[in-house]
Amino acid sequence: MIRFEPITVETKPIFDKYASEEICNCDAAFANIFCWQQTYHSQFAQIEGLLVIKYRTEGTNQFAYMLLGRQMTAPTVSTVITILTEDAAHEKCRLKITSLSASAAATIKSLYGNRFACAGSRDNADYIYNTQDLQQLPGRKYQPKRNHINRFNDLYDYRYEPLAASHKEECLRLELEWRKHHHSDSHHSDNSATAEQLAIIRAFDNFEALRLKGGMLRIGQQPVAFTYGSPVNNQVFDIHVEKADTAVEGVFPAINRMFACSLPQQFRFINREEDMGLEGLRKSKLSYHPARLEDKITAIELSDDEQAVAELWSEAFGDERTFTDKFMVERERYGIRSFLHRSGERIVGMAHLVPMTDAAGRRVAYIYGVATAEEFRKRGIASELLQEAVRSAEREFEAAVLIPSGENAKRLYRRIGFEDTDIRLRFMTEFDFGSGEPERDTAMLKRFGTAEFGGELRLYGA
């Protein structure tokens, strides 16, 4: 078995040895790994010239792995994956490798083909900016930012100073006030807020050892903004935290620019991390005009059944492997349940139940991806699977909905108790569970109670 070791500030030089210009996502920054250790219980091992970080996925007892290093060659990756497969089996979980670069994911696919599903997440993609853009805010596209900063300069008598460990208590008070007034998307958990607070405390308690760099803005003696970060590699600086008093006009563009101007010239790029699918945060990050979005790709090892489901999906719907890979990776994220029909050892029918909530918080089961292998159609397999999914749904959901593909499908769904409606489904999820043609996403519905549904039904991941 692999001997994983605890991550301490003393192990930072080991991590620094594996920094690579190819890997510039925020998950590779040692300060992030160390400061979030209380949430993810991360450990590390050095295997075949790669640094492997093993951690618990948030809120579960399942493990995942990250690979860092400069030698992501096919022989090295193959050897490491063989070793990690054994470790994952020992932990009774699937092999899941996260935060891969596009080239590393391509290496895995070239080695293992459809045994692994590889996909990125828009919600998790990092925003990478040219440092000079954030320093100079050039051209018409940055005019709104310059206007906000000019307004800040006109209104306030401020002072910018380098951040230090001694600012801990002031920053924690400011962060608490920020949190009181910050209204995030109501469909996202607040658990991450507590985890972030713990990470900030750990950062200040180890500020010098982690070699963090930051800045603070004061108006008079009152702190109104602070930020800090650390290098991912020799060219990319990662902003871990940026908090400010939202009542102070222009304070976020001001601290953003002043801190960018304080960075050493070696850092050509600034990583401002992901938006987590939060609409307001996405709008803010896009307003600074990123040079690119850095995908963080997840690779999961598929079971034989999952490989068969992916093959049946492509056969039935004609979707490319990139789509089925995305679906297989996202099954865990959305808690998707699959109902399968076998002929001998072969999977010849499938249906999937996606747990969702509507805007009113009601639980809705979305039935998705119902298909039967061509030579097994007209044998009642789809009807059997649908009834199984409905029986599962009626115990805990207020309704089940689906999108019929045509009149033949409608007749089948009516026999099972689904009603025709004029309800338009709108999926408020990163993964598009629709038909691919939004104008066709009109629901058939089966109620399990007295709840009324109508108009547009917005569905969120449960």
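Over the ring of which residue does the charged end of K54 sit? The partner is F63, and the charged end of K54 lies 4.6 Å from the centre of that ring. This is a predicted model, so please read everything below with that in mind.

A second contact of this kind involves an arginine: R272 lies over the face of Y288, at 5.7 Å from the ring centre.

**Aromatic pairs and a cluster**

Let us turn to rings that meet other rings. A pair of aromatic rings is described by the distance of the centres and the angle of the planes. The count for this model comes to 30 aromatic pairs. One of them joins W36 and Y40, and another joins F152 and Y156; the table sets out their geometry.

| Pair | Centre to centre | Angle between planes | Arrangement |
|---|---|---|---|
| W36 and Y40 | 6.4 Å | 40 degrees | tilted |
| F152 and Y156 | 5.3 Å | 50 degrees | tilted |

How accessible are these rings' residues? W36 has a relative accessibility of 24% and counts as partly exposed. Its partner Y40 is also partly exposed, with a relative accessible area of 22%. In the other pair, F152 is buried, at 0% relative accessibility, whereas Y156 counts as partly exposed at 22%. F152 is called buried because its 0% falls under the 20% cut-off.

Aromatic residues also gather in a group. Which residues form one aromatic cluster with W313? The other members are F317, F323, F327, Y334, Y366, Y368, F427, F431 and F433. Phenylalanines and tyrosines thus join the tryptophan W313 in this cluster.

**Two residues with positive phi**

The backbone deserves a look as well. Most residues other than glycine have a negative phi, and most peptide bonds are trans. Against that background, H289 and K378 are worth finding in the structure in front of you.

H289 is not a glycine, yet its phi is positive, at about 55 degrees. You will find H289 in the loop between α11 (279-286) and β13 (292-294). With a relative accessible area of 28%, H289 is partly exposed.

K378, likewise not a glycine, has a positive phi of about 65 degrees. Where does K378 lie? Its place is the loop between β17 (363-372) and α14 (381-394). Is K378 buried or exposed? K378 counts as exposed, because its relative accessibility of 89% is over the 50% cut-off.

Technical notes. Residues are numbered from 1 along each chain as its sequence is written. This is a predicted model: local features need pLDDT of at least 70, side-chain atom pairs count only at pLDDT 80 or more; totals for chains, interfaces and linings use all residues. Side-chain values use heavy atoms; hydrogens and water are left out. Rings of Phe, Tyr and Trp (its six-membered ring) pair if their centres lie within 6.5 Å; planes under 30 degrees apart count as stacked, over 60 as edge-to-face and the rest as tilted. Buried means under 20% relative accessible area, exposed over 50%, partly exposed in between (1.4 Å probe, protein chains only). A charge sits over a ring if NZ of Lys or CZ of Arg is within 6 Å of the ring centre and within 35 degrees of the ring normal. Helices (H or I, at least four residues) and strands (E, at least two) are DSSP runs, numbered from the N terminus.
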